[in-house]
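Student: I'd like a close look at one part of this protein: how its strands are arranged. Please go slowly and explain the terms as you use them.

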Amino acid sequence: MPDRDEPTGALVRPYAVTRGRTRPRLEIAIEALVETTVRGRSANATNRGGHGREHQHIASLCDGKVQSLAEIAARMRLPLGVARVLIADMAADGLVAVYEPTSFESNDAVGTELLERVLSGLRRL
């Protein structure tokens, strides 16, 4: 039997969860990693700040385990855009830290080396 405190995307319309907003406060890549901050843990434990159940669920998902935006959306069964808005709100409030992926330039030796190691590892599989 699923936990009753776990939000389910099917029961609540996405615009209700985001208060009608479709654009996040800041752009977050789908592969960006999210981690609950000390402030987020404190707010989640005491249920301060008037944050909704979705915010609390995201904070608990990312407490001690860094997860990508895509993983959070999938685990919460929410559309990616809704999860992006919620996480951007939480990041703006200091409840979560968002680690954007680094981009490698085509002439970056470290990026090329990393890609070659990944390719080599895949070939060994």
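Tutor: Let's start with a term: a residue is buried if its relative accessible area is under 20%, exposed if it is over 50%, and partly exposed in between, using a 1.4 Å probe and counting protein chains only. What you see is a predicted model, in which local features need pLDDT of at least 70 and side-chain atom pairs count only at pLDDT 80 or more, while totals for chains, interfaces and linings use all residues. Numbering runs from 1 along each chain as its sequence is written, and side-chain values use heavy atoms, leaving out hydrogens and water.

First, the overall layout. The protein has 6 helices and 3 strands; both are DSSP runs numbered from the N terminus, with helices (H or I) of at least four residues and strands (E) of at least two. Starting at the N terminus, the elements go α-β-α-α-β-α-α-β-α. Of the 125 residues, 32% are buried.

Now for your strands. They form an open sheet with the order β2-β1-β3 and antiparallel pairing. Two strands pair if DSSP finds at least two bridges between them. The edge positions go to β2 (67-68) and β3 (96-99), each with a single partner strand, so one side of each has no neighbour in the sheet. What holds strands side by side in general? Strands of a sheet pair through backbone hydrogen bonds, in a parallel or an antiparallel way.

Take the two pairings in turn. Strand β1 (residues 33-36) pairs with β3 over 4 bridges, in the antiparallel sense. Along this pairing, V34 sits opposite V98 in β3, and E35 sits opposite A97 in β3. On the other side, β1 and β2 are antiparallel too, over 2 bridges, with L33 opposite S68 in β2.

Strand β1 also has two faces to look at: V34 and T36 make up its covered face, while L33 and E35 make up its uncovered one.

Stay with S68 for a moment. This residue of strand β2 is buried, at 11% relative accessible area. Setting aside residues up to four places away in sequence, S68 touches I30, E31, A32 and L33, where a contact means heavy atoms within 4.5 Å.

Just before β2 comes V66, in the loop between α3 and β2. V66 is partly exposed, with a relative accessible area of 35%. Its contacts, again not counting residues up to four places away in sequence, are L33, V34 and E35. V66 and T36 are 30 residues apart along the chain, and their C-alpha atoms are separated by 8.0 Å. Across the protein, 74% of the contacts with a separation of 6 or more are between residues 24 or more positions apart.

That loop before β2 holds another residue worth finding. How many salt bridges does a search of the whole structure find? The answer is 1, where a salt bridge is a side-chain nitrogen of Lys or Arg within 4 Å of a carboxyl oxygen of Asp or Glu. The partners are D63 and R41, whose closest N and O atoms are 2.6 Å apart. D63 lies in the loop between α3 and β2 and R41 in helix α2 (residues 38-46), so the pair ties together parts 22 residues apart in sequence. D63 is partly exposed, with 40% relative accessibility, and R41 is partly exposed as well, with 34%.

Finally, let's see how β1 meets the helices. I58 touches T36, I72, M76, L86, I87 and M90, leaving out residues up to four places away in sequence, and you'll remember T36 from the covered face of β1. I58 is also part of the largest nonpolar core, meaning a set of buried Ala, Val, Leu, Ile, Met, Phe, Trp, Tyr and Cys residues joined through side-chain atoms within 4.5 Å. This core has 21 residues, and I58, I72 and I87 touch the most other members. At least two residues each come from α3 (53-61), α4 (69-76) and α5 (80-92), with the largest share, 6 residues, supplied by α5. This fits a broad pattern: in soluble globular proteins, nonpolar side chains tend to be buried together.
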